[in-house]
Amino acid sequence: MTWQPYFVGDGVPRDVDLGDPPPWRSFPRQPLHRQFQPPPGLVSAVNAALALRRPLLITGPAGSGKSTVIEQVAAELKLGRPLHWHITSRSTLTQALYRYDALGRIHAQRLSGPQGSDNIAPFLQLGPLGTALLPAQRPRALLIDEIDKSDLDLPSDLLDVLERGEYEIPELARYTERLVSVRHWDSDQDRSPVERGRIQCDRFPFVVMTSNGERDFPAAFLRRCIRFTMPTPTLEALRSVVEAHLNIGTDLKQSTAVDELIRSFVARVAAGQSLAVDQLLNAVHLLTGATALSDADRQELLDLVLRELSRA
């Protein structure tokens, strides 16, 4: 089996081999675009968003693979490493466009004295959305993750930027130099010249926004998006997901154990329980293998890794 009691609880130090982690918990983290199995309808939604240059809003429960979509699209279309903007209740549009360290600049000016340099560039960095909107030969890919966690006004604040594909950095618009080289979000080495503080995209980025369905959005925001809701996973779909993520072998007993886990998972989801697909993967990783567990130990582990998400 994969699982074993590394920790005994007797306080005695010992050398323990923790073995290999699950494939999705190896670091540096590896993209999962090859393992992702698009549900029916998602491919059409992605192609519509690409053709119309509109953001794709994907709604579904936690662990349904929403944020993995952009990794697969970016890999297939060679759009580069996706930019990532993780939304919290404190997220603002300005932070996503650019960051300006005003206090750092004031401190540097005081240290350098009246004859020192007034270069603003070291104190500016584009945010993930700001970097995605830079002019480029190929569009960038941008994930706006869990947008339903945002402040109520943020979706509306996004409207103008998503519609026009441009924005202004006021600090550069007032700056004495016409051109300033500004750092990208995902690199301290990559820079782009910004003229008079204005950035206008020429290749609208491929934008995926994810939502757990915990709130409604304004109609003006929704009409600017291609929307897709992740379907409830079927037995066959989950079998494909497990096969893609884990090498479960060809042993009949082991395969039967996996199938029992998948069938039980599907039944619980159909009964209205809140469970994520990665919980099923955790259960398969822990509870399948050559060594049998006692019924009590097996049930204890199942209760740990397949606990409903709606419970504390």
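This report describes a parallel sheet, the strand S10 within it, and the nonpolar cores of the structure.

The structure is a predicted model, in which local features need pLDDT of at least 70, side-chain atom pairs count only at pLDDT 80 or more, and totals for chains, interfaces and linings use all residues. Residues are numbered from 1 along each chain as its sequence is written, and side-chain values use heavy atoms, with hydrogens and water left out.

**The sheet**

Helices (H or I, at least four residues) and strands (E, at least two) are DSSP runs, numbered from the N terminus. Two strands pair if DSSP finds at least two bridges between them. Strands of a sheet pair through backbone hydrogen bonds, either parallel or antiparallel. Here, five strands form an open sheet in the order S2-S5-S10-S1-S11, and the pairing is parallel. Strand S2 (83-86) and strand S11 (226-229) each have a single partner strand, so one side of each is left without a neighbour in the sheet. On average, neighbouring strands of this sheet are turned by 20° against each other, direction ignored; axes are lines fitted to C-alpha atoms, for helices over the stretch in contact, and angles run from 0 to 180 degrees between N-to-C directions.

**Strand S10 and its partners**

Strand S10 (residues 206-211) is mostly covered, with six of its six residues buried, where buried means under 20% relative accessible area (1.4 Å probe, protein chains only). Phe206, Val208 and Thr210 point one way from S10, while Val207, Met209 and Ser211 point the other way. Four bridges join S10 to strand S1 (residues 56-59), and four bridges join S10 to strand S5 (residues 141-145). Thr59 has Ser211 as its bridge partner, Leu57 stands opposite Met209, and Ala141 is partnered by Phe206.

**Helices across the sheet**

Two helices lie across strands of the sheet, as the table shows.

| Helix | Strands crossed | Angle |
|---|---|---|
| H1 (residues 42-52) | S1, S10 and S11 | about 165° to S11 |
| H2 (residues 69-77) | S1, S5 and S10 | about 180° to S5 |

**The nonpolar cores**

A nonpolar core is a set of buried Ala, Val, Leu, Ile, Met, Phe, Trp, Tyr and Cys residues joined through side-chain atoms within 4.5 Å. The largest has 40 residues, of which Leu129 and Phe221 touch the most other members. Helix H6 (residues 154-164) gives the most to this core, with five residues. Leaving aside neighbours within four places in sequence, Phe221 is in contact with Leu57, Ile147, Pro155, Leu158, Leu159 and Met209, contact meaning heavy atoms within 4.5 Å. A second, separate core of 23 residues includes Val242, Phe265, Leu280 and Leu306.

Conventions:
Buried < 20%, exposed > 50% of the residue type's maximum accessible area, 1.4 Å probe, protein only.
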